[in-house]
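Open the model in a viewer and keep a selection prompt at hand. The stops below go through ring pairs, charged side chains, cysteines and cavities.

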Amino acid sequence: MSLLQLFTATTPILSVFVFLVVLRLPAKKAMPLSFLITSVCAYYFWLVPSTQLLGATIEGLLLALTILWIVFGAILLLKVLQKTGATDVIKHGFAQISPDKRVQLIIVAWLFGSFLEGAAGFGTPAAIAAPLLVALGFSPLSAVVLALVADSSAVSFGAVGTPVLVGIAQGAIDLNTDQVNQVALTAISIDIFVSAFLPLTMVLIYTRFFTESKRWKDGFVITPFALLSALAFSVPAYLVALFFGPEFPSVLGAMIGLAIICPLAKARFLLPKENVVSQSEYSSSLSNSLSLRMAWAPYIIVTILLVITRLPELPIKSILQSVVFEWHDIIGTDISVTMMPLYLPGSIFVLVSCFAIWLQRSDSTVLFSAFKESARMLFPSLIALCTAVPMVRVFLQSHVNHAELPAMPIALAELFATHLSEVWIFIAPLVGSLGAFIAGSATFSNLMFASFQQSLALKADLDPILVLALQMLGANAGNMIAVVNVVAAASVVGLQDKEGEIIRFTLLPMFYYCLAASSIAWLLSH
């Protein structure tokens, strides 16, 4: 691989980082520039044929539409609930549990977000948790940053175990079911220790950067409660993974965590006397006649539908997946795309939004107004997503080329392996995070790099199960900075043009996650 080819392979990563994080360009400018540079370099230096570039671009545009549909549905549900007054009722309901925003952050982003990740995955948690945090009085920037950091540990078993059952099981070579389950158990065993500090990290970020006092101390005083909240999710999730497999650890772990933490928060167990937010901010009376149960009903219905539509044992999953749009061998390439519109979470969001109008006794004009406002909020994200996803697909589909090179991500990983195999236990999570950062999916990161990680582990005389577990955990960490996730979450709360600032906040927690996982794995292997 020549120097220009090395530059080409790193272009999608470097250009996104430079334009978004360093130069602070909005995503609607940074992503088109990154896509253009990546495509030009892929054509001239990686020698990818123009038909392959065009096919990957078309694939990316179609996949971008599915992401936009999910984002639109999330925005629509938020707008409907704002207009019916449900978000105000929910806000006051949380005040009854605790008026402290630190506690609300843990309950909404960490526990409820983990439940949504386990049920649906694919960007759903941040799309729902971030606007809920905004409704509770968090700034849009803090809401997105903290929702992304929270949506990490639960990703191991997101979307009813998809990163394991699809990513590891299909990405690795010759692993039987017991070995796949062992990878998952190893990952969550490490993650119990790594994730123990994530709720505290979230609280510290909030109190230091997003409150008026801007003090670390305000976060540290809640350490016992934050640690308990972390373990209230991770320990039950581990037990579910141990006894029942990889489908429901995140779903059931989060449900058990909510059942434990909410009553304890109400009783102020392990909580300091003072609140970051005083009770007076929630003291105004509600004019809305909705009950708390009725206000929460749309979110409850969404979560129930997400779960039952993902269970392979029930016929509804196959019914929804039977409506398929497929395009094989796009313009004569080996690229194919499959879309199942009814199965997308966005379709559930839209359906429940319409139902919420009737359930909360509003009228069709509210729904029509919510549709218009949602479309208006989504529009600025069109350019960003419709260039970011094609750039990712060009990167991933670059295996077809006249230079006889592998796909760019594999070439980069092989380069790492050549020079860093002796310290691979510290590199393996970073490779997983790289996959999630670019592809926007832990599942795809596992699919893309599992076999590579497996082969490298054998060459470096490391336990392949342990290295695959680190791949999973790295993919979890990469979820915090994945460009597609960042753009989508920012769109839901109307925070376009701040994507680079979001990534600057989530980079450090991502590196903590990878380094902590590697350190624990190193201790286990010595």
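Two rings of Phe, Tyr or Trp (for Trp, the six-membered ring) form an aromatic pair if their centres lie within 6.5 Å; planes over 60 degrees apart make the pair edge-to-face. The model is predicted, and a search of the whole structure gives 13 such pairs.

**Stop 1: rings on helix 5 and helix 14**

Select phenylalanine 112 and tryptophan 296. The ring centres of phenylalanine 112 and tryptophan 296 are 5.8 Å apart and the planes stand at 90 degrees, so this pair is edge-to-face. Now colour the two helices: phenylalanine 112 belongs to helix 5 (residues 101–119) and tryptophan 296 to helix 14 (residues 292–308), so the contact ties together parts that are 184 residues apart in sequence.

Are these two side chains buried or exposed? Phenylalanine 112 has a relative accessibility of 13% and counts as buried. Tryptophan 296, at 18%, also counts as buried, because the cut-off for that class is under 20%.

Extend the selection to Phe94 and Tyr299. Ring pairs join Phe94, Phe112, Trp296 and Tyr299 into a cluster.

**Stop 2: rings on helix 19 and helix 20**

Move to tryptophan 424 and phenylalanine 452. What is the geometry of the aromatic pair that tryptophan 424 and phenylalanine 452 form? The pair is edge-to-face, with 5.8 Å from centre to centre and 75 degrees between the planes. Tryptophan 424 is in helix 19 (residues 424–439) and phenylalanine 452 is in helix 20 (residues 442–459), and the pair links these distant parts of the chain, 28 residues apart.

Tryptophan 424 has 0% relative accessibility and is classed as buried. Phenylalanine 452 is buried as well, with a relative accessible area of 11%.

**Stop 3: charges over rings**

Select lysine 101 with phenylalanine 138. Lysine 101 sits over the face of phenylalanine 138, at 5.5 Å from the ring centre. Then take arginine 393 with phenylalanine 444, where the arginine lies over the ring face at 5.0 Å from the centre.

**Stop 4: salt bridges**

Side chains of opposite charge can pair when their charged atoms come close. How many salt bridges does a search of the whole structure find? The search finds seven salt bridges, and three of the bridges to display are given here.

Begin with glutamate 373 and lysine 79, whose side chains meet in a salt bridge with an N to O distance of 3.8 Å. Glutamate 373 lies in helix 17 (residues 364–396) and lysine 79 in helix 3 (residues 50–84), so to speak of sequence, the pair links distant parts of the chain, 294 residues apart. Glutamate 373 counts as partly exposed at 24% relative accessibility, whereas lysine 79 is buried at 15%. Add Lys83 to the view: Lys79, Lys83 and Glu373 are linked in a network of salt bridges.

Next, select arginine 102 and aspartate 100. The closest N and O atoms of this salt bridge are 2.5 Å apart. Arginine 102 is buried, with a relative accessible area of 1%, and aspartate 100 is buried with a relative accessible area of 1%.

Last in this group, go to glutamate 501 and lysine 498, which form a salt bridge at 3.8 Å, N to O. Here glutamate 501 counts as partly exposed at 25% relative accessibility, and lysine 498 counts as partly exposed at 39%.

**Stop 5: cysteines**

A disulfide is a covalent bond between the sulfur atoms of two cysteines. How many disulfides does a search of the whole structure find? The search finds zero. Select cysteine 386, which is partly exposed with a relative accessible area of 22%, and then cysteine 514, which is buried at 3%.

**Stop 6: cavities**

Turn on a cavity display. The structure holds five cavities of 30 Å³ or more, and the largest cavity has a volume of about 60 Å³.

Which residues line the largest cavity? Select Ser153, Ala154, Ser156, Phe157, Ile188, Asp191, Phe233, Ser234, Ala237 and Ser250 to show the lining. Helix 9 (177–194) and helix 12 (223–244) are the elements that give two or more residues to this lining. Helix 12 provides the largest share, three residues.

Definitions and conventions
Residues are numbered from 1 along each chain as its sequence is written. This is a predicted model: local features need pLDDT of at least 70, side-chain atom pairs count only at pLDDT 80 or more; totals for chains, interfaces and linings use all residues. Side-chain values use heavy atoms; hydrogens and water are left out. A disulfide is a pair of cysteine sulfur atoms within 2.5 Å. Buried means under 20% relative accessible area, exposed over 50%, partly exposed in between (1.4 Å probe, protein chains only). Rings of Phe, Tyr and Trp (its six-membered ring) pair if their centres lie within 6.5 Å; planes under 30 degrees apart count as stacked, over 60 as edge-to-face and the rest as tilted. Helices (H or I, at least four residues) and strands (E, at least two) are DSSP runs, numbered from the N terminus. A charge sits over a ring if NZ of Lys or CZ of Arg is within 6 Å of the ring centre and within 35 degrees of the ring normal. A salt bridge is a side-chain nitrogen of Lys or Arg within 4 Å of a carboxyl oxygen of Asp or Glu. On a 1 Å grid over the protein atoms alone, a cavity is a set of points where a 1.4 Å probe fits but cannot get out, and a pocket is an open set with protein on both sides within 12 Å along at least five of seven lines; lining residues have an atom within 4 Å of a point. Grid points are joined across faces, edges and corners, and a volume is the space filled by probe spheres set on the points.
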